[in-house]
There are 2 protein chains.
Amino acid sequence: MHLLVIYDVQDDKVRNRVANACKDYGLYRVQYSAFKGELSLNRMQELFLLLKKILGVDVGNIQMYPMCEKDIKQVKEIENVHFL
Amino acid sequence: MHLLVIYDVQDDKVRNRVANACKDYGLYRVQYSAFKGELSLNRMQELFLLLKKILGVDVGNIQMYPMCEKDIKQVKEIENVHFL
């Protein structure tokens, strides 16, 4: 199943741990605070519990969006990258 | 149709303009750089073109995720808000 994870986490260390957990689950970064990838429903639930544990009582918001094949095909993107 | 818009935009002014455009289209903020809401396909396409125009040649990445009813029901969220 396709999954998008987006997060707002105040503490730098906690935010990095959230990003690392997403990477560990095979997701890839699509924006500074957004990861995307494919996960089974089980692994998705595991990741949810892990992210909950990582955030703990710290201030933050983490959202997980499972997406079907049809929806994923309709994603639109605007990107400008400047090479310095 | 449900829509999630996420963005990474370098310039503060441009980022604010992106946020304001999302608000103008009736979306509401769900994270610092994420808006959600309901839009018709036409309005979604209009918003896409507007965001493209706003970003112009500035550095940034904007992603629009249309989501079906089934997917939107599966969204999971972890939130800790501290009242100071």
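**Exercise 1. Place A:D8 in its chain and its surroundings.**

Start with the fold: A:D8 lies in strand 1 of chain A, residues 2-9. Strands here are DSSP runs (E, at least two residues), numbered from the N terminus. The model is predicted: local features need pLDDT of at least 70, side-chain atom pairs count only at pLDDT 80 or more, and totals for chains, interfaces and linings use all residues. Residues are numbered from 1 along each chain as its sequence is written, chains are lettered from A in the order written, and side-chain values use heavy atoms, without hydrogens and water.

Next, accessibility. A:D8 is partly exposed because its relative accessibility is 27%. The cut-offs are under 20% for buried and over 50% for exposed, with partly exposed in between (1.4 Å probe, protein chains only).

Then list contacts (heavy atoms within 4.5 Å). Leaving out residues up to four places away in sequence, A:D8 touches A:G60, A:N61, B:Q31 and B:Y32.

Last, the record. An unreviewed UniProt entry annotates A:D8 as "binding site". Such annotations may be inferred rather than shown by experiment.

**Exercise 2. Count the disulfides, then check B:C68.**

A disulfide needs two cysteine sulfur atoms within 2.5 Å. The search over all chains finds 0. B:C68 is in no disulfide: the nearest cysteine sulfur, that of A:C68, is 3.9 Å away. B:C68 is partly exposed, at 26% relative accessibility.

**Exercise 3. Find the relation between chains A and B.**

Superpose by least squares on C-alpha atoms of residues with pLDDT of at least 70 in both copies. A 180° rotation with 0.0 Å of shift along its axis puts chain A on chain B, RMSD 0.0 Å. That is the relation of a two-fold axis.

Note on methods:
Helix = DSSP H or I, 4+ residues; strand = E, 2+ residues; numbered from the N terminus.
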